[in-house]
Amino acid sequence: MKNHTRRTSAFAALGVAAALSLTACAGDDSGKDTAGKGSVPPASSQPSDPAKTSPSPSGGTADKGKSQTAKPSSGSTTSGSSGDSAPQGGQNVEPCKTQNLTVEAKNASPDTSTGTIDITMTNRGTTTCSATGFAGIGITDQDTTTNPIERGKAEPRITNLEPGEAAIFNLSYEIDNSANSLTRPTEIQVTPPNQTSHVNVKWPAGAGNIKGFYTDVKVYPTHNK
């Protein structure tokens with residue numbers, strides 16, 4: 001009887017020890033798992049990375065890639081005209097036609113060294129027309145060759161002619177007083193601005209001889225008389 005009681009007590013002690021061992025093991029595993037999970041905060045609580053944040057539409061890297069609209073400079077113009085182009089004669093003003101112009105040339109030299117020839121074009125038409133720009137000029141020599149004359153450095157100005165009004169322009173050169181001039185001009189060939197046909201006028205009496213060559217003569221733009 002005593003032996004049976006001892007066995008029962010021994011078995012009971014073994015059962016209690018086993019239970020305590022299992023509880024201790026479970027407590028150790030739970031602590032390890034809790035510590036591991038607690039070291040990483042939830043995804044929703046992690047701070048955002050500014051480098052990966054999408055830029056707002058009003059700034060940031062997205063705006064840097066946008067092209068900017070260039071502002072025209074104060075000196076810019078809307079037109080594409082070149083430096084050689086003459087200003088227009090005004091809206092609805094047609095160029096003066098050669099056949100509607102009377103052309104005359106006269107000596108206007110101010111002294112014995114400066115050669116100046118004034119050429120006048122008078123509108124004999126019935127409507128207002130534009131004589132704006134440079135006339136095409138050629139000087140015909142005694143040997144019958146015609147030599148084109150270069151433009152002088154001057155800006156054309158708007159020159160509109162009502163019926164009966166005149167425009168004037170001039171030829172300029174240096175006078176040769178030595179009587180050894182290499183040129184013998186007889187006529188001036190005048191093509192009005194923006195025209196293709198020409199008229200010939202005589203080299204004016206009293207005009208001094210040209211010093212140098214015909215390439216030394218310059219023509220200047222028209223203006224109202």
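How many aromatic pairs does a search of the whole structure find? The search finds one. Aromatic pairs are defined here by rings of Phe, Tyr and Trp (its six-membered ring) whose centres lie within 6.5 Å; planes under 30 degrees apart count as stacked, over 60 as edge-to-face and the rest as tilted. Tyr173 and Trp203 form the pair, which is tilted, with 6.0 Å from centre to centre and 40° between the planes. The pair links distant parts of the chain, 30 residues apart. Tyr173 lies in strand β8 (residues 166–174), and Trp203 in the loop between β10 and β11 (218–219). Tyr173 counts as buried because its relative accessibility is 4%. Trp203 is also buried, at 14% relative accessible area. Buried means under 20% relative accessible area, exposed over 50%, and partly exposed in between (1.4 Å probe, protein chains only).

The model is predicted: local features need pLDDT of at least 70, side-chain atom pairs count only at pLDDT 80 or more, and totals for chains, interfaces and linings use all residues. Residues are numbered from 1 along each chain as its sequence is written, and side-chain values use heavy atoms, with hydrogens and water left out. Confidence is expressed as pLDDT, the predictor's confidence in each residue, from 0 to 100. The mean pLDDT of the chain is 74, and 60% of its residues reach 70 or more. Residues 1–14 stay under 50, and the model has zero contacts for them beyond four places in sequence. Contact means heavy atoms within 4.5 Å. Over residues 16–86 the pLDDT is also below 50, and this stretch has eleven contacts in the model beyond near neighbours in sequence. Where pLDDT is low, the predicted coordinates should not be read in detail.

The chain has two helices and twelve strands. Helices (H or I, at least four residues) and strands (E, at least two) are DSSP runs, numbered from the N terminus. Along the sequence the pattern is α-α-β-β-β-β-β-β-β-β-β-β-β-β. Of the 225 residues, 27% count as buried. Among contacts between residues at least 6 apart in sequence, 76% join residues at least 24 apart.

Strand β2 (residues 114–123) has two antiparallel partners described here. Strand pairing requires at least two bridges found by DSSP between the two strands. Strand β1 (residues 101–107) pairs with β2 over seven bridges. The two strands form a hairpin with six residues between them. Thr102 has Thr122 as its bridge partner in β2. β2 also pairs with β8, over nine bridges. There, the bridge partner of Thr120 is Ile168. β2 is mostly covered, with nine of its ten residues buried. Thr116 of β2 counts as buried because its relative accessibility is 13%. Beyond four places in sequence, Thr116 touches Lys106, Asn107, Ala108, Ser109, Pro110, Asn170, Leu171 and Tyr173. Tyr173 is thus a neighbour of Thr116 and a member of the aromatic pair.

A second group of strands forms an open sheet of four, in the order β5-β4-β9-β10, with antiparallel pairing. β5 (146–148) and β10 (199–202) stand at the edges with a single partner strand each, so one side of each is left without a neighbour in the sheet. Neighbouring strands of this sheet are turned by 30° against each other on average, direction ignored. Such angles are taken between axes, which are lines fitted to C-alpha atoms (for helices over the stretch in contact), with angles running from 0 to 180 degrees between N-to-C directions. Strand β4 (residues 136–141) pairs with β5 over three bridges. Thr140 stands opposite Thr146 in β5.

The largest nonpolar core has 27 residues. A nonpolar core is a set of buried Ala, Val, Leu, Ile, Met, Phe, Trp, Tyr and Cys residues joined through side-chain atoms within 4.5 Å. Ile119, Ile137, Leu171, Ile188 and Val190 have the most contacts inside the core. β1, β2, β4, β8 and β9 (185–191) each give two or more residues. β8 gives the most, with four. Contacts of Ile188 beyond four places in sequence include Ile119, Ile137, Leu171 and Trp203.

Two loop residues have positive phi. Thr144, in the loop between β4 and β5, has a phi near 75°. Thr144 is exposed, with a relative accessible area of 64%. Ala179, in the loop between β8 and β9, has a phi of about 70°. Ala179 counts as exposed at 58% relative accessibility. Most residues other than glycine have a negative phi.
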